[in-house]
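Got your viewer open and a selection box ready? Let's walk through this one stop by stop.

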Amino acid sequence: MALIGTLRNKAGTWVVVFVFVAIAAFIVSDIFSGNSNILNWGRNTVGEIAGKEISYEEFQSAVREREASYYLQTGREPSDREMTGLRQQAWDLLIARHAIEPQYEKLAIDVTDDELVDMINGTNIDPTIQQSFTNPETGEFDRARLGEYLNYIKTVPPNSPDRIRWEYFQKDLAPGRKRVKYDNLLLETTYVTKAEAEHYYHTQTDVAEVKYLFIPNFVISDSAVKVSDNDLRDYYNKNIEKYKTEASRDVKYISVPVTPSPEDSAAVHEELQRAREEFRTSTEDSVYAVTHSDGQNPYAKYTMASLPPFLGADSLTEGKVFGPILDGETYKV
């Protein structure tokens, strides 16, 4: 608001006209740029996978799914750093869903109910289950502990955390097994001919023996070689590109440090005294702080432990203004 008041009082009508023309030019250039943000208003595409645009809502749904799975596994909310990994997992999930899973149907890749039972409590138990039910003393998979857990899961209510966690885990078993089948199928389709294998073998194992004679320049005496001016001129003309250099200059300068004088400091202090009263009586103190702060972050958030040293927690009361205070080399209010 202070900025608007300054424009109104000091700049006059021509500033308003200039701002209006600048905004109009920006809108017109945006519309005819071919990549108009105005014409594309409302579009919320975050990316494209296999020719399909992924909306922000679909991506956020995948992120929330990963968040829920993380919370069920750890019992706590993910940190900001962990959220980066969860967002990447969500995007990888969408890649699998839109680019890889459609191939399963084309190749008739499926996981039957019998396979799922076998993955949970059969002959080919899923590696994740084996790892979760490993006996810490022997380091071996403990089938008895798995059986006890499966019996326990059957007795808990459907909305209990343990039951929900197990349902989430079961939900990922079939897609995981389909991906393994798909990757194995790709591996089986890779074929290397006998000629390719032989060529690779020779490139890795063949060796060659080379004999050569090396005479360094320093073993030849300078007096044994006669170089004429014509020889030097011919060599220079043939290698003239090697001797080209960029134009250079010699510059001499002095450095004058710009430091405030006592008069400068007094003027700033006096100006802040006036600003202090305006800030104290302002009805929009946040706006005043943002428009008048110089070189500081007016949006900084503080806790009682992170307050600046010159502010005591006990002295903080609503409406009280401190300063001007010299903090290092900066006056602050």
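What follows is a tour from the whole chain down to single side chains.

**Before you click**

This is a predicted model, so the cut-offs matter: local features need pLDDT of at least 70, side-chain atom pairs count only at pLDDT 80 or more, and totals for chains, interfaces and linings use all residues. Residues are numbered from 1 along each chain as its sequence is written, and side-chain values use heavy atoms, with hydrogens and water left out.

**The whole thing**

Start in cartoon view: the protein has twelve helices and four strands (DSSP runs numbered from the N terminus; helices are H or I with at least four residues, strands are E with at least two). Of its 333 residues, 17% are buried (buried means under 20% relative accessible area, exposed over 50%, partly exposed in between, with a 1.4 Å probe and protein chains only). Switch on the surface and you are looking at about 27200 Å² of accessible area, 55% of it from carbon and sulfur atoms (Shrake-Rupley method, 1.4 Å probe; for residues, only the protein chains shown count as cover).

**The largest core**

Now select Met 119, Ile 120, Ile 125, Ile 129, Phe 133, Leu 146, Leu 150, Ile 153, Val 156, Trp 166 and Leu 173: these eleven residues are the largest nonpolar core. A core here is a set of buried Ala, Val, Leu, Ile, Met, Phe, Trp, Tyr and Cys residues joined through side-chain atoms within 4.5 Å. Helices α5 (113-121), α7 (143-155) and α8 (161-189) each supply at least two residues of this core, and α7 gives the most, with three. Apart from it lies another core of ten residues, including Ile 54, Ala 62, Leu 86 and Ala 90.

Zoom in on Trp 166. Not counting residues up to four places away in sequence, it touches Ile 120, Tyr 149, Leu 150 and Ile 153 (contact means heavy atoms within 4.5 Å).

**A buried arginine**

Next, go to Arg 66 in helix α3 (residues 56-74). Which side chain of opposite charge is nearest to Arg 66? That is Glu 65, 4.0 Å away, and Arg 66 is buried yet has no salt bridge. For charges, Lys and Arg count as positive and Asp and Glu as negative, while His and the chain ends are not counted. A salt bridge needs a side-chain nitrogen of Lys or Arg within 4 Å of a carboxyl oxygen of Asp or Glu. Leaving aside neighbours within four places in sequence, Arg 66 is in contact with Leu 86, Gln 89, Ala 90, Leu 93 and Asp 172.

**Salt bridges**

The whole structure has 15 salt bridges. Try Arg 179 and Asp 183, with their closest N and O atoms 3.3 Å apart; both lie in helix α8, four residues apart, about one turn of the helix. Then select Arg 274 and Glu 278, which meet at 2.3 Å, N to O. Both of these lie in helix α11 (residues 262-281), again four residues apart. Glu 65, Arg 97 and Lys 171 are joined into one network by salt bridges that share partners.

**Last stop: a nonpolar patch**

Finish by selecting Leu 213, Ile 215, Phe 218, Val 219, Ile 220, Val 225, Val 227 and Leu 232, a nonpolar surface patch with about 870 Å² of accessible area together. Patches take residues with over 30% relative accessible area and no salt bridge, joining like charges within 9 Å and nonpolar side chains (Val, Leu, Ile, Met, Phe, Trp, Tyr) within 5 Å. Within the patch, Ile 220 sits in the loop between α9 (194-205) and α10 (229-238), and Ile 220 is partly exposed, at 43% relative accessible area.
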